[in-house]
Every structure is written in structure tokens, then in C-alpha cells.
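Work through the exercises below with the sequence and the model open. Try each task before reading its solution.

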Amino acid sequence: MSKVKLFVFLAVAILLLAMGASQHQTDAVMALPSAQVGAPGGITIPYPGRLTDEAGLPVADGVYAFTFTLYDAETGGQPVWAETQAGVTVQGGSFAALLGSASPLPKEAMDSKLWLQVAVRGPGESEFTALSPRQVLSTASVAPTSVTAGPACAHDHVGEWWTGDSGPSGNGLRVENTRTDGIGVTGVAHNGTNAVGVFGWTTQGVGVRGSSDSSTGVRGTSNSGPGVVGRSTNGYGVEGVSVSNDGVWAHSTDGYGLFAHSDNNHSIYVDGAGNAGLYIFSAGASGVYVASAASAGVGVYSAGAAGMWVHSAAQDGILVETAGLDGVHVTGPVGGSYYGSGLQGNEDFAVLNTGEVRSKVGFGAPTHGFAEIMAVEGIKTDYEPGDVLVAGGTGKGAVARSSMAYSRAVIGVYSFSPAFVGGQPVPKDQQANGVPVTILGMVQCKVSAENGPIRPGDLLITSATPGHAMRADDPPRGTTLGKALGILDSGTGLILVLVTLQ
């Protein structure tokens with residue numbers, strides 16, 4: 001018997017027999033074959049428990065004898081009450097006794113904190129074996145209010161392993177807190193990388209299940225490790241169900257709020273029936289960090305609706321903002337589509353790994369003209385949008401502000417905001433001395449009436465006024481900048497010009 005362990009679900013129900021035994025007390029006593037009604041002046045305590053061996057398996061069924069002793073200290077001390085109950089039936093490891101049924105507990109003895117020592121004698125054994133440790137007993141414990149509510153626990157179960165068939169309910173352990181701001185189960189683990197506050201394990205069902213009508217189903221908080229770890233061989237590691245709030249809420253100050261790992265299935269499977277399937281907020285690091293060694297980091301599948309649906313009533317549906325790195329950066333081997341819209345292989349719009357962008361319907365922009373990024377000679381701040389530009393004299397592809405009439409070196413116009421830009425270096429430090437030069441299309445251009453008023457359709461060439469164009473009735477070949485689309489009667493001004501170099 002020395003290898004037997006006692007798991008006790010202890011309900012302390014102070015029943016003052018001096019007030020008379022109620023029908024509930026009588027029913028409780030009748031349900032226990034070994035119990036008897038206590039004498040007046042004493043109290044009785046329902047005491048259900050479970051006996052297992054060192055492997056956590058129930059002891060053999062049979063009739064056992066128990067000795068219960070109350071001490072005034074956790075170890076040593078003086079006994080203040082004792083009784084022996086023979087003929088207690090143990091089935092599947094479970095038993096039930098009624099403390100005080102053989103030797104009534106004096107009410108006065110319960111006014112202080114006591115410790116219960118249990119000794120057991122199995123079938124065919126001649127001696128009682130004391131089980132340890134003693135269990136604290138206090139009148140502060142509350143009796144169960146119903147059969148299904150479960151008894152209140154007046155002591156800890158550190159290091160214990162509970163096993164058994166839960167029956168049709170399917171609940172290995174159910175803790176229900178009726179306070180609106182209370183917590184069903186709180187698990188706290190200290191010291192050691194393998195310490196676990198709450199551990200739930202099952203071979204086919206749910207390891208830990210948290211259900212809440214208005215608050216948090218499962219909440220895991222950790223200062224350095226995972227807040228919640230759920231492992232299942234065939235079912236859900238962690239399932240959180242909430243009617244109006246968070247099914248699973250994970251928060252971590254140093255490690256992962258939620259870490260999900262799967263060897264051959266989905267790490268996280270999200271199914272949202274009426275609201276957000278997954279809501280993620282991060283104050284310091286990544287809201288979602290996805291790493292995959294062999295397959296998709298994130299896979300989204302939908303049989304009939306949107307695989308991923310993003311809606312915003314007032315701000316961006318998806319906003320990617322970064323202070324130093326790329327908001328979205330995709331790398332990989334050349335070939336294939338990074339992004340496509342339409343049927344696969346026949347996309348209406350696609351961006352390829354090669355950097356090529358394709359569209360069956362063309363490209364539109366709210367501004368005008370096609371421009372090339374070109375370096376300027378001299379200081380960039382000396383140039384202004386609208387300046388007429390000519391090829392520079394360095395021979396390195398730079399441009400300069402026009403300064404003479406009928407120049408055959410005319411290139412284009414410094415653009416305010418071109419619709420399309422070519423030749424733009426990706427690194428920003430290479431764009432420091434470059435400006436967009438419209439070489440085709442419409443652009444706002446500086447013009448001068450020094451060669452007469454300008455009307456729509458007039459051919460334009462460079463003028464003697466630096467950075468300006470003027471009209472010309474029959475310009476020499478190679479000097480034409482484009483055609484005027486606006487009007488200038490006198491002086492200088494800014495009008496819309498269609499750049500068509502000739």
C-alpha cells in the first residue's frame with residue numbers, strides 16, 4: 001500500500017447536526033454504505049476521493065478501510081479528532097466517505113485551521129498505511145450547491161495526475177466561476193524552462209478548451225516563454241470559443257503571444273463565421289510573423305467566397321508602412337507570376353519575377369506625360385518644374401536649362417508630376433541629382449511671347465529666355481519641342497504643352 005496515491009476532491013460542508021439533520025444530509029449519508037448520521041453537537045464533511053498507484057492507474061476494486069485523523073499542525077502536532085471507517089467501497093479508484101459519520105466532529109475543533117491525515121488498508125492487508133502529505137482543512141471552504149457543480153477544493157493537488165472516464169459530459173475537469181469578473185482557472189508556473197501553469201493533454205479531442213459568453217475563453221500570460229501551448233495528436237491543440245469577445249487572447253512581454261507549430265497540417269486554422277476570423281495587434285514587434293521551411297508561409301483557401309477579405313470604413317484596408325525597410329518585398333527565382341488578377345496563365349494584370357508588368361487594358365494615371373529621370377548639370381535647386389531642358393555638354397546623359405533660341409539640343413520639360421517615369425534608380429541615394437524630364441505627352445511648360453503671341457496648335461521651340469519656349473512658324477528640323485495647348489498673349493507664363501520632339 002506504500003505505493004498508493006490519494007487524489008482527493010474535498011468538499012468542506014459544515015452541517016451543524018445540533019440544528020437537526022436535513023433531508024439533503026440524509027440522502028448524502030444514505031448514498032454512502034459506510035456512513036452513519038453523526039450525533040448531536042457534531043458536524044459532518046462529505047469527502048470524495050480517488051486512489052491510484054504510482055503509474056496513475058486506479059487501484060483494484062474492493063472494500064477498503066480508512067482512518068481519518070485531524071492534527072493541529074501540518075507535520076507532527078497533536079491529534080484533535082480521529083475515526084476509522086471500514087467497509088468503504090472503492091470502484092475504479094473512486095470512493096466516498098462522510099467524515100464525522102463514525103465519530104462526530106466537534107464543532108469547536110473546526111474554529112481553527114487543521115490538517116487531515118489519511119491512512120488506508122486494502123483488501124487482504126493487516127496494517128494501515130499513512131498517506132502523505134496531510135491536507136489542510138478549513139471552514140472557509142464552501143459546500144457544493146448542486147450535484148453537477150462539483151465540490152470546492154480546500155487544498156492543492158500539486159504533482160497529482162487525474163485520470164478516468166468523464167462519461168457523456170466529456171469534461172475531464174470543469175471549473176465554473178459565477179462572478180462576472182472572475183476567472184475559471186488560473187495557472188502560474190515559476191522557475192524552470194519546462195514549468196507549465198496549466199497542462200491539458202488528449203489523444204483525440206481537445207487538450208484545453210476555453211469557452212466564454214462575454215470575456216476571454218483562454219488567456220495565457222508569460223514573461224519569457226509561450227503564454228499558451230496546445231498540442232494534440234489528432235484534434236485541436238487549443239480551441240477558443242467566444243460568443244462576443246476573444247476566443248483566444250494571447251499576450252507576451254518577451255516571447256511569443258501565440259506560437260503555433262504543425263508537422264503536417266495547418267499551424268493556425270482560422271474560421272470566422274460572422275466576424276473577424278483573426279484579429280492581431282502588436283505594440284512592439286510583428287503582429288504576425290510567418291516562417292515556413294517547405295511550404296507556404298500563409299495559405300488562404302476559400303471554396304465559395306473571398307479567401308481573404310479586407311474591409312475598412314474610414315482608413316486603409318491594408319496599410320504597409322516602414323521607416324527603413326521594404327513594406328512588401330518579394331524575392332525568388334526568375335519566372336512565374338508574383339501577382340496576378342484574372343485566370344491563371346491568362347491574367348488581365350500581372351507582375352512577374354523579372355520586374356515586367358503586364359496589363360490587357362493598359363495603364364491609367366491622373367497626371368500627364370511620360371518622363372525619364374535624368375541628372376542635371378550644376379545644382380538641382382537651380383532648376384524648376386516647367387523649365388525647358390536641353391542636352392548637357394558633358395556627354396554623360398545630363399541635361400541643362402535651355403538658354404538660346406532654335407536649339408537643336410532640346411530634350412523636354414522638367415515635369416511637375418508625370419504619369420509614367422522611366423530610368424528611375426531604385427536606391428533613393430541615386431536619385432539625389434535627378435529630375436523627371438517629360439519627353440512625350442502633356443506637361444506644364446514655361447513659355448515666352450518674345451516671338452509673338454502663342455495660340456493652341458502653335459509649334460514651340462527654345463527661346464532666348466532661359467528655360468522658356470516660344471512660337472515658331474516654320475522651325476528648322478530638330479528644333480521643335482512640341483505644340484501649344486494653351487494661350488499666352490504677352491510676357492512669360494506657364495501653359496499646357498504637348499511634347500512631340502521633331
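**Exercise 1. The whole chain**

Among contacts in the chain between residues at least 6 apart in sequence, what percentage join residues at least 24 apart?

Solution. The model is predicted. Start with the contacts: 59% of those between residues at least 6 apart join residues at least 24 apart. Next, take the secondary structure: one helix and 26 strands. Then turn to burial. The chain has 502 residues, and 27% of them are buried. Last, the surface: about 31,900 Å² is exposed, with 52% of it supplied by carbon and sulfur atoms.

**Exercise 2. The nonpolar cores**

Find which residues touch the most other members of the largest nonpolar core.

Solution. This core holds 22 residues. L51, F66, F68 and L99 touch the most other members. Now list the elements that give two or more residues to the core: β3 (45-52), β4 (62-71), β5 (79-90), β6 (94-99), β8 (114-121) and β9 (129-137). Another core, of 17 residues, lies apart from the largest one; V390, V410, C445 and L488 are among its members. Go back to F66 and check its contacts, skipping residues up to four places away in sequence. F66 touches L51, V88, V90, F95 and F128, among others. Its partners also include E83, T84 and Q85.

**Exercise 3. K446 and R401 around D387**

Decide whether K446 is buried or partly exposed, then do likewise for R401.

Solution. Place K446 in strand β22 (residues 434-448). Its relative accessibility is 15%, so K446 counts as buried, the cut-off being under 20%. Place R401 in strand β19 (residues 399-401). Its relative accessible area is 28%, so R401 is partly exposed.

Now follow the side chains. K446 and D387 are joined by a polar contact of 2.7 Å. R401 also makes a side-chain polar contact with D387, at 3.4 Å.

Add the wider contacts, leaving aside neighbours within four places in sequence. For K446 they include E384, V388 and G467. For R401 they include E384, V388 and G467 too. Finally, check a spacing: R401 and Y383 are 18 residues apart along the chain, with their C-alpha atoms separated by 7.5 Å.

**Exercise 4. A surface patch**

Which residues form the nonpolar patch on the surface, and what accessible area do they have together?

Solution. The members are V288, V290, V298, V300, M308, V310, I318, V320 and V328. Together they have about 820 Å² of accessible area. Take V310 as the example. V310 sits in the loop between β13 (248-252) and β14 (337-343). At 38% relative accessibility, V310 counts as partly exposed.

Definitions and conventions
Residues are numbered from 1 along each chain as its sequence is written. This is a predicted model: local features need pLDDT of at least 70, side-chain atom pairs count only at pLDDT 80 or more; totals for chains, interfaces and linings use all residues. Side-chain values use heavy atoms; hydrogens and water are left out. Helices (H or I, at least four residues) and strands (E, at least two) are DSSP runs, numbered from the N terminus. Buried means under 20% relative accessible area, exposed over 50%, partly exposed in between (1.4 Å probe, protein chains only). A polar contact is a pair of N or O atoms within 3.5 Å; within protein, one must be able to donate a hydrogen and the other to accept it, and residues adjacent in sequence count only if both atoms are side-chain atoms. Contact means heavy atoms within 4.5 Å. Accessible areas come from the Shrake-Rupley method with a 1.4 Å probe; for residues, only the protein chains shown count as cover. A nonpolar core is a set of buried Ala, Val, Leu, Ile, Met, Phe, Trp, Tyr and Cys residues joined through side-chain atoms within 4.5 Å. Patches are made of residues with over 30% relative accessible area and no salt bridge: like charges are joined within 9 Å, nonpolar side chains (Val, Leu, Ile, Met, Phe, Trp, Tyr) within 5 Å. A salt bridge is a side-chain nitrogen of Lys or Arg within 4 Å of a carboxyl oxygen of Asp or Glu.
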